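The following exercises ask the reader to follow strands, helices and a cavity through a protein fold. Each task is followed by a solution that proceeds step by step.

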Amino acid sequence: MDLGLKDRVYVVSGGSRGLGFAAAGELVAEGARVVVSGRGEQAVRDAAARLGGPGTALGVAADQADPAAAGRLVTAARETFGRLDGVLISVGGPPAGPATTVGDEQWLDSFGSVFLGAVRLARTAARVLGEGGVIGFVLSGSVREPIAGLAVSNGLRPGLAGVAKTLAAELGPHGIRVVGLLPSRVDTDRVRELDALGGDPEGARARAVASIPLRRYGTPEEFGRVAAFLLSPAASYLTGTMVPVDGGAQQSL
């Protein structure tokens, strides 16, 4: 299938590593051009080089909690590649911890980057996207089912899903789509860190695998292919939907 991505331009926040980088890689493989962001200057420079370098990928160091970051990313895409067709908003996971011990400072810091930063980038992109544009949110399985020990994610991710659904209704008449992705156990550094929290990463992984119908963790590339499809014109009649990428781990209808 031709996804229709050739020469389209996307901003991928959090695109220097993990799921964001995997999605950027699949977009580039299908002929798109990307602006990838992350907090580290060297990390985004290296990521852009791995994605093909000038003419294909641009790295921009940006902290999503910075109110100026969204405008910088959208402007970079339009000035470098002459257009913007969509954004994929991927942020690092908030700190782990139970609701009884996570303090106000952690909640406020996470709200600024994970929640408000994502909403700001979506709002900024919506102002310049035309018909056929798309806004994607990389969320989590915690949107539908809380994950033990991840109180902040359990609190913020469902809220972002609600914002995404609201944006889909508001932007649909303008031909702009909004979608969400709900990864679960995809084999990234973040998931390996979570597996190690209890001191027995192998045991944690084995227990998680036993709860997944496909009996394995997903690969970043598998996630990236789903993201590329959802951002592409091939998915032109999908909006307001939350797509699990989890090997069947979520049992809800």
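**Exercise 1: Strand β2 and its neighbours**

Valine 36 has glycine 59 of β3 as its bridge partner. The model examined here is a predicted one.

Task: Determine which strands pair with β2, and in which sense.

Solution.
Step 1. Strand β3 covers residues 57-61, and 5 bridges tie it to β2 in the parallel sense. Between these two strands the chain passes through helix α2 (residues 41-50), in a β-α-β crossover that is right-handed.
Step 2. Strand β1, residues 9-13, is joined to β2 by 4 bridges, and these strands also run parallel. Valine 9 is placed opposite arginine 33 of β2. Here the chain goes from β1 by way of helix α1 (residues 18-29) to β2, and this crossover is right-handed.
Step 3. The surroundings of β2 can now be described. Of the 6 residues in β2 (33-38), 6 are buried. Arg33, Val35 and Ser37 point one way, while Val34, Val36 and Gly38 point the other way, and all are buried.

**Exercise 2: The order of the sheet**

Task: State the order of the strands in the open sheet, and explain why one side of β3 and of β7 is left without a neighbour.

Solution.
Step 1. The sheet is built from 7 strands in the order β3-β2-β1-β4-β5-β6-β7, with parallel pairing.
Step 2. β3 and β7 (242-245) stand at the edges and each has a single partner strand, so one side of each lacks a neighbour in the sheet.
Step 3. For β7, the pairing is with strand β6 (residues 177-183), in the parallel sense over 4 bridges. Within this pair, proline 183 has valine 245 of β7 as its bridge partner.
Step 4. As a general principle, strands of a sheet pair through backbone hydrogen bonds, either parallel or antiparallel.

**Exercise 3: Strand β5 between two partners**

Task: Is β5 enclosed or open to the outside, and which strands pair with β5?

Solution.
Step 1. All 5 of the 5 residues of β5 are buried, so this strand is largely enclosed by the rest of the structure. Val134, Gly136 and Val138 point one way from β5, and Ile135 and Phe137 the other way.
Step 2. Strand β4 (residues 86-89) runs parallel to β5 and is joined to it by 4 bridges. Leucine 88 has glycine 136 as its bridge partner in β5. Together, β4, α4 and β5 make a β-α-β unit that is right-handed.
Step 3. β5 also pairs with β6 in the parallel sense, over 5 bridges. The partner of phenylalanine 137 in β6 is glycine 180. From β5 the chain crosses through α5 to β6, again in a right-handed β-α-β crossover.

**Exercise 4: The cavity and a buried valine**

Task: Which elements give two or more residues to the lining of the largest cavity, and is valine 152 buried or exposed?

Solution.
Step 1. The whole structure contains 1 cavity of 30 Å³ or more. The volume of the largest cavity is about 30 Å³.
Step 2. Its lining includes Ile89, Val114, Phe137 and Arg157. The elements that give two or more residues are α4 (104-128), β5 (134-138) and α5 (151-171).
Step 3. By character, the lining residues divide into 8 nonpolar, no polar and 1 charged.
Step 4. Valine 152 belongs to helix α5. A residue counts as buried under 20% relative accessible area. Valine 152 has a value of 0%, so it is buried.
Step 5. Valine 152 and proline 94 are 58 residues apart in sequence, and their C-alpha atoms are 6.4 Å apart in space.

Notes:
Residues are numbered from 1 along each chain as its sequence is written. This is a predicted model: local features need pLDDT of at least 70, side-chain atom pairs count only at pLDDT 80 or more; totals for chains, interfaces and linings use all residues. Side-chain values use heavy atoms; hydrogens and water are left out. Buried means under 20% relative accessible area, exposed over 50%, partly exposed in between (1.4 Å probe, protein chains only). Two strands pair if DSSP finds at least two bridges between them. A crossover is right-handed if, with the strands pointing away from the viewer, the path from the first strand over the helix to the second runs clockwise. On a 1 Å grid over the protein atoms alone, a cavity is a set of points where a 1.4 Å probe fits but cannot get out, and a pocket is an open set with protein on both sides within 12 Å along at least five of seven lines; lining residues have an atom within 4 Å of a point. Grid points are joined across faces, edges and corners, and a volume is the space filled by probe spheres set on the points. Ala, Val, Leu, Ile, Met, Phe, Trp, Tyr, Cys and Pro count as nonpolar, Asp, Glu, Lys and Arg as charged, and the others, Gly among them, as polar.
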